[in-house]
Protein chains: 2
Amino acid sequence: MNINISDEHCPLRRTLEIIGGKWTMLIIFQINERTIRYGELKRCIVGISEKMLISQLKFLCDKGFVHKKSFAEIPPKVEYTLTDIGKELLPVINQLIQFGLNHKF
Amino acid sequence: MNINISDEHCPLRRTLEIIGGKWTMLIIFQINERTIRYGELKRCIVGISEKMLISQLKFLCDKGFVHKKSFAEIPPKVEYTLTDIGKELLPVINQLIQFGLNHKF
DNA sequence: CAGCATCCATATGGATACTG
DNA sequence: CAGTATCCATATGGATGCTG
């Protein structure tokens, strides 16, 4: 593979910008194939602050990896799902997990 | 795959700590299968500062992904190579590149 | 040549209180 | 319930100068 690392917009750097974040991959992996509400998501990802969860979700929505559906109800209800592109990240994440399982670093 | 995201030391979080950095994967990919000197490495990875390159190399050596060989010469000469574990990251990186190539996000 | 030390700007991210 | 807003601590990272 002949990739020019110098280029700030090379595919590797662009992908790393997505997966590099501390939380994005955890969020994607947690949503996975299901539909999940904001509150449950927050409970699942122990350690994340509200600010981070919201901002990362917004980031992922903007990038087209996550789809957000709001219901006009009181109390509010918001559901998150992965888009088709988002789902394509799942095998990548699984490879990362596999690597982590194989090595004690 | 049944991974507990809550655990700070789950395989996914651990792997993300490695690849999450802005530079680590670029360095690994740049070293690749060859032996490369510090200076050339620095020239290859446009945009990285000396401080970052040194600290990230140290990090990767500590983690066992990179091997460093210093020569007792004047002027100094230091060669970096990937360890076997480090080389196992190459397919992961290639998948990241592939993902970047496939999607315009 | 390789790499350390220092200073400093900015980014990241946590805690808390508040709102529709 | 699902966010926003604000304040603040720390981490990240760049520039520069120096050294064996």
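**Contacts to DNA strand D**

A side-chain N or O atom of K51(B) lies 2.3 Å from a base oxygen of DNA strand D. This distance comes from a predicted model. The elements giving two or more residues to the surface near the strand are α3 (38–44), α4 (50–63) and β3 (77–82) of chain A, along with α4 (50–63) of chain B. Of these, α4(A) supplies the largest share, 4 residues.

Two contacts in chain A involve backbone atoms. In G39(A), a backbone N or O atom lies 2.9 Å from a phosphate oxygen of DNA strand D. In P76(A), a polar backbone atom is 3.3 Å from a sugar or linking oxygen of the strand.

In total, 19 residues surround DNA strand D. The closest are G39(A), I54(A) and Y80(A) from chain A, with K51(B) and P76(B) from chain B. By residue class, the surface near the strand holds 9 charged, 8 nonpolar and 2 polar residues. On the DNA side, sugar or phosphate accounts for 56% of the strand D atoms within 4 Å of the protein. The rest of these atoms belong to bases.

Chain B also offers a buried position to examine. T24(B) is part of helix α2, which spans residues 24–31 of that chain. Its relative accessible area is 1%, under the 20% cut-off, so T24(B) counts as buried. Leaving aside residues up to four places away in sequence, T24(B) touches I18(B), I19(B), Q56(B), F59(B) and L60(B).

How values were computed:
Residues are numbered from 1 along each chain as its sequence is written. Chains are lettered from A and ligands numbered from 1 in the order in which they are written. This is a predicted model: local features need pLDDT of at least 70, side-chain atom pairs count only at pLDDT 80 or more; totals for chains, interfaces and linings use all residues. Side-chain values use heavy atoms; hydrogens and water are left out. A residue is near a molecule or strand if one of its heavy atoms lies within 4 Å of it. A polar contact is a pair of N or O atoms within 3.5 Å; within protein, one must be able to donate a hydrogen and the other to accept it, and residues adjacent in sequence count only if both atoms are side-chain atoms. Ala, Val, Leu, Ile, Met, Phe, Trp, Tyr, Cys and Pro count as nonpolar, Asp, Glu, Lys and Arg as charged, and the others, Gly among them, as polar. Buried means under 20% relative accessible area, exposed over 50%, partly exposed in between (1.4 Å probe, protein chains only). Contact means heavy atoms within 4.5 Å.
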